[in-house]
There are 2 protein chains.
Amino acid sequence: MAAKKEEKTNPKAKLEGLGKEQLKEISLGRSPKFTTLTRTKSNIMYDQKEGYLRLGRNEEERTFLNISQSKRFMQTIAVAAKCHKFVKENLHTTIRGLFYQLKFNLGEDIDENVFDEQAESNPIIEDLEVALNLKREDFNLNANRKGVLAGQLKVLDTFGNEKVEIDCSKMGRSGWQIPSDVDNDIEFVDVKAKYVLVVEKDAMWQRLNEDNFWKKENAIVLTPQGQASRGTRRIIRKFADMGIPVYVFTDSDAWGWYIYWTIKTGSINLAYIGDSVATPEAKFIGVTMSDLDRYDFLNKMTINATEVDLKRASEMMGYEWIKRHKEWVEELTRMLKSKKKLEQDALQGPRLTFVGDYIREKIKKKEFLP
Amino acid sequence: MAAKKEEKTNPKAKLEGLGKEQLKEISLGRSPKFTTLTRTKSNIMYDQKEGYLRLGRNEEERTFLNISQSKRFMQTIAVAAKCHKFVKENLHTTIRGLFYQLKFNLGEDIDENVFDEQAESNPIIEDLEVALNLKREDFNLNANRKGVLAGQLKVLDTFGNEKVEIDCSKMGRSGWQIPSDVDNDIEFVDVKAKYVLVVEKDAMWQRLNEDNFWKKENAIVLTPQGQASRGTRRIIRKFADMGIPVYVFTDSDAWGWYIYWTIKTGSINLAYIGDSVATPEAKFIGVTMSDLDRYDFLNKMTINATEVDLKRASEMMGYEWIKRHKEWVEELTRMLKSKKKLEQDALQGPRLTFVGDYIREKIKKKEFLP
């Protein structure tokens, strides 16, 4: 509980620390300055030991008394001040809401149009996330939500002045919508799951949910509803931190693979918070091109790979975090040769409930791709 | 409860009726045939009295013993047979799952590749929906889900063999995800809301949810999370059927207006189930271009309208269901002249909680657009 509290006061203290640093520089007659890590491609690396994409050590500095940096410096301070205000008020908004608050005024006497477009304020939020080693959610900035889960766990959500308890095994056809922030004022208790199954498509999640798959298997079944949002990536990381195995179930095509690798190794865009959102422990359950050898009927269920699928497959062969796995090279080669792909929905061909049997068998036999 | 039961057995009985008709024709030595309403643009009309887009009376017939129609006839019967199977099994899938079941086989002895692409099976599902006056959800075909709500109501969701009760006033930051099917095996009880507020953006919903807006106002706050899904349109219609006023709150731009008019008058695509998904009673709460006269600060919060906004605004001036409202013609003209637009997020400019005050004032003064 103490740790939890500290986590919550951190953002405010850290933002205040940033302000105090500036004041100190000024009082010493020096130009105030702000330092963060560069997020350009040249400073993004795949950490082979940790197994995810993260930033290198290249720093970027902006000082007030430099004509080419002063506007950006001022913008940085303006964004930090707004975030501090949101945290102090204990109210949430989004990066769009932040943009409009900045557009309205700077909260003080200055009435300059410091931001013309949101494209100017967005990267500054990332600068602050990196510099203070926090996530925007810690600054009370909500990101887009996407993702639903059901399973053997309860959520204690402190919301406003109330604490609600949500039993994720009693959410019927709907499931529990994964929020933007799964760290602050929220706790997961009675987590009894043997594993977490991440299912690419919402439709497939609904199928498994109807079969009570998570109940029979004592699992958590989660769908990112396509590409995983920040909140969904983060909650998967948290489940992995609890020691629960994570299995990912997607289409065998460019989009499905992208979803898997984003969950596993993170992404270029979020490399700056890679440690919070990547789950290198994740394993790929299917569908795979090699399933065509396991299940005869699947051979008539393939569909044509698109140009995008083939282009992406070639590119992926070159990624260092993929090419070191011979199983993946085989998968990709197989698509490139046959120009065919396979969707998870195809498993419903013989009967709707076959999907669950497929997953059970894969897990039982430990037939995963790394 | 009896009515509920009948509703549930209808799809099965109706599908069986369709099969029996075919058998009867065959036994009389005639070609079996299938009749539905045409869904081409020429048969879609705006019903001024009802206030929504619906199909006209033009029929389309396909008979087995007509060389140009027999494949399509066979496809229709194949789809109907699969839907009958799903309903009988009491299992749900999607139109994609249906496609793969058809691809696998036709359920009988025939082993023809009757469907090469899903583009062939999709329109046939719509044919059946129209011919049998049902929705695909009644055939156990789930559509994409999108949309969340919170407020003073409870959901009784019969799911598998269990009935779960979900209290939509105790869903914390997440809200209750609106399912694909809000008609079968689901009931809404203790609905105490004075009104339903439909909020375009999920981010804005989160803002209002955090302010406990729905609790203070004794309302239901719902977001379609962009364009409304079938399930979301249907639940809004159901709330209107309960006599609850529906207010829609979107951006003042092409996309926001499109979301509003789709909820209110339905859409070309879903004209064939217009009566189930359109809510002509809905009123537009804002944001409006005329808000620029009401709230001075908004004048510095406008942003440039895009080419798409301007093109759409011109087009909308020509729609018969829009041009008859002078308030809407004024709105559209104002954007076209100023080339500016206004987002709902802009209301967060002065303070994050201003949004709720804005809505309260609009409702109190009944300042709606029709």
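Chain A of this predicted model has an average pLDDT of 92, and 95% of its residues score at least 70. The exception to be kept in mind is the stretch of residues 1-8 of chain A, where the pLDDT is below 50 and where the model shows one contact beyond near neighbours in sequence. Where pLDDT is low, the predicted coordinates should not be read in detail. For the model as a whole, the scores are an ipTM of 0.93 and a pTM of 0.94.

The two chains meet in an interface in which 43 residues of chain A are in contact with 43 residues of chain B. On the side of chain A that touches chain B, the elements that give two or more residues are strand 5 (93-94), helix 3 (95-104), strand 8 (154-159), strand 9 (162-167), strand 10 (176-177) and helix 5 (202-210) of chain A. Of these, helix 3 of chain A provides the largest share, with six residues. In composition, this side of chain A divides into 16 nonpolar, 17 polar and ten charged residues.

From the interface we turn to the interior. The largest nonpolar core has 156 residues, and within it V221(A) and V221(B) touch the most other members. Setting aside residues up to four places away in sequence, V221(A) touches L149(A), A150(A), G151(A), L197(A), V199(A), W205(A), L208(A), N209(A), F213(A) and W214(A).

Two helices of chain A can be read side by side, beginning with helix 8. Its twelve residues should span 16 Å at 1.5 Å a residue, and the end C-alpha atoms of helix 8 of chain A are indeed 16 Å apart, which agrees. Because ten of its twelve residues are buried, helix 8 of chain A is largely enclosed by the rest of the structure. The buried residues in helix 8 of chain A are A254(A), G256(A), W257(A), I259(A), Y260(A), W261(A), T262(A), I263(A), K264(A) and T265(A). Just after helix 8 of chain A comes G266(A), a residue that takes a positive phi of about 85°.

Helix 11 of chain A, residues 307-318, also has twelve residues and an expected span of 16 Å at 1.5 Å a residue, and the 18 Å between its end C-alpha atoms agrees with that expectation. Its buried residues are D309(A), A313(A) and M316(A). Seen down the axis of helix 11 of chain A, these buried residues fall within an arc of 65°, so they line one face of the helix. An α-helix has 3.6 residues a turn, so residues three or four places apart point the same way. On the other side of helix 11 of chain A, the exposed residues are E307(A), V308(A), K311(A), S314(A), E315(A) and G318(A). The buried residues of helix 11 of chain A pack against helix 8 (254-265), helix 12 (320-323), helix 13 (326-338) and strand 17 (340-341) of chain A, and helix 8 among these partners is the largely enclosed helix described above.

In chain B, M316(B) offers a view of helix 11 (residues 307-318) of that chain, in which it is found. M316(B) counts as buried because it has 20 C-beta neighbours inside 10 Å, the cut-off for burial being 20 or more. Leaving aside neighbours within four places in sequence, M316(B) is in contact with W257(B), I322(B) and L332(B). By contrast, I124(B) lies 192 residues from M316(B) along the chain, and the C-alpha atoms of the two are separated by 31 Å.

Some details of the backbone remain to be considered. Most residues other than glycine have a negative phi, and most peptide bonds are trans. In chain A, however, a cis peptide bond with an omega of about -5° joins G286(A) and V287(A), and V287(A) has its place in the loop between strand 15 (283-286) and helix 10 (291-294) of chain A. In chain B, the peptide bond from G286(B) to V287(B) is cis, with omega near -5°, and V287(B) is placed in the loop between strand 15 (283-286) and helix 10 (291-294) of chain B.

Positive phi values in chain B include that of N140(B), about 65° although the residue is not a glycine. N140(B) lies in the loop between helix 4 (118-132) and strand 6 (141-142) of chain B, and with 26 C-beta neighbours inside 10 Å it counts as buried. N218(B), likewise not a glycine, has a positive phi of about 55° and is found in the loop between helix 6 (213-217) and strand 13 (220-223) of chain B. N218(B) counts as exposed, because it has 12 C-beta neighbours inside 10 Å.

Technical notes: Residues numbered from 1 in each chain as written. Chains lettered and ligands numbered in written order. Predicted model: local features only at pLDDT ≥ 70, side-chain atom pairs only at ≥ 80, totals over all residues. pLDDT = per-residue confidence, 0-100. Contact = placed C-beta atoms within 7 Å. Helix = DSSP H or I, 4+ residues; strand = E, 2+ residues; numbered from the N terminus. Nonpolar A, V, L, I, M, F, W, Y, C, P; charged D, E, K, R; others polar. Expected span 1.5 Å × (residues − 1). Arc of directions from axis to C-beta. Core = buried A, V, L, I, M, F, W, Y, C linked by C-beta atoms within 7 Å.
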